[in-house]
Amino acid sequence: MRFLAFAISDPTPCRGMGHAAGAVDLHNQDCARALLAWYDRDRRILPWRAAPGVAPDPYCVWLSEIMLQQTTVKAVLPRYADFLRRWPNVTALACAELGEVLAAWAGLGYYARARNLHACAREVVARHGGRFPATEAELRTLPGIGDYTAAAIAAIAFGARATPIDGNIERVIARLFAVATPLPAAKLEIRKLAAALTPDERAGDFAQGMMDLGATLCSPRRPACGLCPVVSGCQSHAQGLAEALPYREEKAERPTRRGVAFVALRDDGTVLLRERPLKGLLGGMLETPSSPWTERGESGTSALDHAPLKAQWREVPGLVEHTFTHFHLELSVYFAEVASDVKLAKTAEPERCRWVHVRDFHSSALPSVMRKVLAHALEEKRARPQARVAGAQPRARRRSA
């Protein structure tokens with residue numbers, strides 16, 4: 001990457017405090033020009049990003065933006081390719097079954113996004129004839145599209161002067177203008193500064209340039225200020241604060257919740273799974289039947305009260321741990337091998353249960369935490385291959401000739 005600096009006699013007009021409006025506008029224009037020149041040379045090549053001179057596909061822009069929320073580009077790349085292969089346009093996605101979409105989404109987390117993705121596709125087809133609306137206001141009426149996504153689609157797909165603010169752009173703006181207010185309180189200030197910086201032309205390229213800058217040079221730790229195209233106008237660099245910004249308020253410690261998961265393996269190689277309610281955490285995904293997840297948790301006899309069927313349950317040594325956005329989860333795992341005609345308890349809600357073969361786990365809508373549970377239990381099975389199936393008759397000993 002080559003270095004491009006722009007000349008400016010006084011770096012402080014970035015914030016627009018105590019300086020003429022004309023000086024601030026000139027500085028912002030210089031910033032935008034420098035960033036766009038850098039983007040034209042050093043832009044990341046991404047499968048959802050249109051080549052120079054090619055009109056972006058709104059479906060690709062929308063799909064990538066939903067997938068990239070709170071996820072890395074590395075994690076999204078294979079899922080994006082798979083989605084596009086299976087559902088090459090919004091009409092195809094709208095016709096898909098929700099379970100298929102959830103299964104394809106597994107591993108990207110935040111499964112409400114997958115449900116909203118599917119609902120949004122159906123709305124675009126039903127209300128807009130399969131064409132995404134072009135304005136931020138109209139885009140915000142669609143499921144799963146908030147302020148950031150609406151601005152990103154409007155700018156990138158339709159060339160509107162809109163200002164999306166993701167984590168990368170937030171960090172770049174906080175450093176460029178040396179915003180001293182800690183996040184999240186600084187969000188409104190950052191939004192106003194970013195909007196003033198957005199040029200009238202090429203707003204989509206500018207937004208993607210800001211994203212690239214934050215992802216490659218203006219990184220959270222050890223920013224590469226010597227390669228930055230806007231370093232000569234960066235107040236935090238001038239003040240020696242680049243690595244310290246943005247400031248953040250201390251987060252409260254996540255609470256820990258505990259529960260018990262039950263893995264029942266039939267002698268035909270299938271495992272009992274249950275569909276979670278559509279609303280709420282991991283909505284519509286598959287799980288092993290489990291006790292409620294509470295801060296107190298349960299153990300011993302009380303834990304077995306939540307078992308989905310009668311069996312010789314044994315506790316698997318160790319815990320399965322998983323961290324969600326708002327809490328940390330610890331699950332004890334109980335495992336049992338059962339006959340193929342075993343009956344489910346009413347408390348297991350049999351109408352939401354199904355038996356899924358182990359070989360089909362890869363294509364099932366299983367969230368990461370449940371894949372951990374199943375791996376933990378089946379590893380126990382491999383370690384104890386001689387455990388007797390509950391309800392099955394003992395095998396007769398073979399007589400020697």
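A pocket is an open set of points on a 1 Å grid over the protein atoms alone, with protein on both sides within 12 Å along at least five of seven lines; lining residues have an atom within 4 Å of a point. A volume is the space filled by probe spheres set on the points, which are joined across faces, edges and corners. The model is predicted: local features need pLDDT of at least 70, side-chain atom pairs count only at pLDDT 80 or more, and totals for chains, interfaces and linings use all residues. Residues are numbered from 1 along each chain as its sequence is written, and side-chain values use heavy atoms, without hydrogens and water.

**Exercise 1.** Describe the largest pocket and its lining.

Step 1. The largest pocket holds about 1,300 Å³ of space.

Step 2. Its lining has 36 residues, and Gln69, Gln70, Thr71, Asp166 and Gly167 are the closest to the centre.

Step 3. Helix H2 gives the largest share of this lining, four residues. Helices are DSSP runs (H or I, at least four residues) numbered from the N terminus.

Step 4. By class, the lining has 15 nonpolar, 10 polar and 11 charged residues. Ala, Val, Leu, Ile, Met, Phe, Trp, Tyr, Cys and Pro count as nonpolar, Asp, Glu, Lys and Arg as charged, and the others, Gly among them, as polar.

**Exercise 2.** Describe the second largest pocket.

Step 1. The volume of the second largest pocket is about 500 Å³.

Step 2. Of its 25 lining residues, Gly109, Tyr110, Tyr111, Phe324 and Thr325 lie nearest the centre.

Step 3. Helix H6 (112-128) supplies at least two lining residues; its four residues are the largest share.

Step 4. The classes are 11 nonpolar, 12 polar and two charged.

Terms used. On a 1 Å grid over the protein atoms alone, a cavity is a set of points where a 1.4 Å probe fits but cannot get out, and a pocket is an open set with protein on both sides within 12 Å along at least five of seven lines; lining residues have an atom within 4 Å of a point.
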